[in-house]
Amino acid sequence: MALREGFTTGSAATAAAMAAFARLLGAEVQEFVSCPLPPFEETDDGLLFPAGRLDIPISSVMLHEKNNSVRALVIKDGGDDPDATHQAGIEAEVALCPAEHLLPHEGEIFLPGPPPLVLRGGRGIGRVTLPGLPVAVGEPAINPVPRKQILAGLKEVAAQYACKAGLVVTLSVPNGESIARKTLNPRLGILGGISILGTHGTVRPYSHDAWKASILEGLSVAQAVNCPRILLTTGRRSERLLNGLFPHEREQAFVQVADFAEFSLRSAVESGFRDIIWG
């Protein structure tokens with residue numbers, strides 16, 4: 001029987017932001033949003049042409065009259081993948097702001113658009129504290145591809161309603177901090193919540209590509225924080241074994257690589273490591 005695919009936290013955040021933005025501009029509450037999927041090709045008129053689309057259900061949409069914003073919620077569906085973020089609530093709150101007044105503060109992300117966009121990480125979104133990741137230290141853990149995906153979706157809504165205002169979008173995950181403890185985020189220096197991820201917008205169950213991307217991220221952080229050696233393990237038990245043998249090694253020096261022996265060893269050498277221990 002074929003395993004069921006799901007969608008990424010990046011797609012969930014994009015759909016939520018699109019639903020909130022459309023409602024803010026006067027649209028009816030939508031049951032589904034047609035979410036653009038990466039990779040994107042930029043057209044001559046500034047739109048980002050997606051590689052595909054996916055209908056994503058919207059769980060709720062709420063208007064906040066006090067601050068003139070709208071918040072939408074998407075329940076992340078990991079399909080049949082054993083994903084810690086499966087069934088997590090991904091929220092996006094969208095508010096309008098005159099483009100000339102749209103100035104990001106420290107720790108926020110500015111995307112020039114159009115529409116110009118300030119992207120904030122709210123409760124349950126991790127913040128990067130170590131170098132070596134594709135996100136700068138101090139920024140919310142919203143990866144480059146999801147940033148472009150969110151902008152692409154909001155561009156579509158802005159074009160549909162001829163809106164030229166700037167936007168402030170705040171992403172949050174109510175239980176993101178507890179979910180993050182089940183992931184490698186704390187080891188990678190991503191604190192306070194989960195990451196918004198996804199290079200293709202969909203989740204393939206038991207994806208080898210996802211494992212390899214995780215290995216490369218771990219090696220990159222270990223290199224950036226100057227770990228003198230790397231300790232590769234097939235899983236948690238072998239990691240506990242090596243941790244007992246090398247108790248003084250930094251946490252970032254340990255990278256779980258599953259069965260990807262050749263890939264991880266080759267990648268460790270290409271990352272500059274010459275002292276490599278396998279558990």
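Analyst: A residue counts as exposed when its relative accessible area is over 50%, and as buried when that area is under 20%. Please keep in mind that this is a predicted model.

User: Thanks! What makes residues of helix H5 exposed, and which ones are they?

Analyst: Arg 236, Arg 237, Arg 240, Leu 241 and Gly 244 are exposed. Each is therefore over the 50% cut-off.

User: And which residues of H5 are buried?

Analyst: In H5, which spans residues 236-245, they are Ser 238, Glu 239 and Leu 242.

User: How do you know on which side of H5 they lie?

Analyst: The three cover an arc of only 105° around the axis, so they are on the same side of H5. The exposed residues are on the other side. The buried ones pack against strands E15 (230-233), E16 (254-256) and E17 (276-278).

User: Why is a group of residues called a nonpolar core?

Analyst: The name applies because its members are buried residues of certain kinds, Leu, Val, Ile and Phe among them, joined through side-chain atoms within 4.5 Å. The largest one here has 44 residues, and those with the most contacts inside it include Phe 21, Leu 117, Leu 154 and Val 169. Helix H1 (residues 9-24) gives the largest share, 11 residues. A second, separate core has 26 residues, including Leu 130 and Ile 230.

User: With what is Leu 154 in contact, apart from its neighbours within four places in sequence?

Analyst: Its partners are Ala 17, Met 18, Phe 21, Pro 115, Leu 117, Leu 167 and Val 169. Contact is the word because heavy atoms lie within 4.5 Å.

User: What makes E4 and E7 edge strands?

Analyst: Let's start with the sheet: six strands form an open sheet in the order E4-E5-E6-E11-E8-E7, with mixed pairing. Strand E4 (60-64) and strand E7 (109-111) each pair on one side only. From one strand to the next, the twist averages 20°.

User: How do you know that strand E8 pairs with strand E11?

Analyst: Pairing needs at least two bridges, and five join E8 (residues 117-121) to E11 (residues 166-172), so the two strands pair. They run parallel, and Val 118 stands opposite Val 168 in E11.

User: Which helices lie across these strands?

Analyst: H1 lies across E4, E5, E6 and E11, at about 40° to E6. Helix H2 (residues 144-160) lies across E7, E8 and E11, at about 130° to E8.

User: Where is confidence lowest, and where is it highest?

Analyst: It is lowest in strand E14 (residues 202-203), with a mean pLDDT of 87, and highest in strand E9 (residues 124-125), at 98. The protein chain averages 92, and 98% of the residues score at least 70.

Conventions
Residues numbered from 1 in each chain as written. Predicted model: local features only at pLDDT ≥ 70, side-chain atom pairs only at ≥ 80, totals over all residues. Heavy atoms only, no water. Buried < 20%, exposed > 50% of the residue type's maximum accessible area, 1.4 Å probe, protein only. Helix = DSSP H or I, 4+ residues; strand = E, 2+ residues; numbered from the N terminus. pLDDT = per-residue confidence, 0-100. Axes fitted to C-alpha atoms, helices over the stretch in contact; angles between N-to-C directions. Arc of directions from axis to C-beta.
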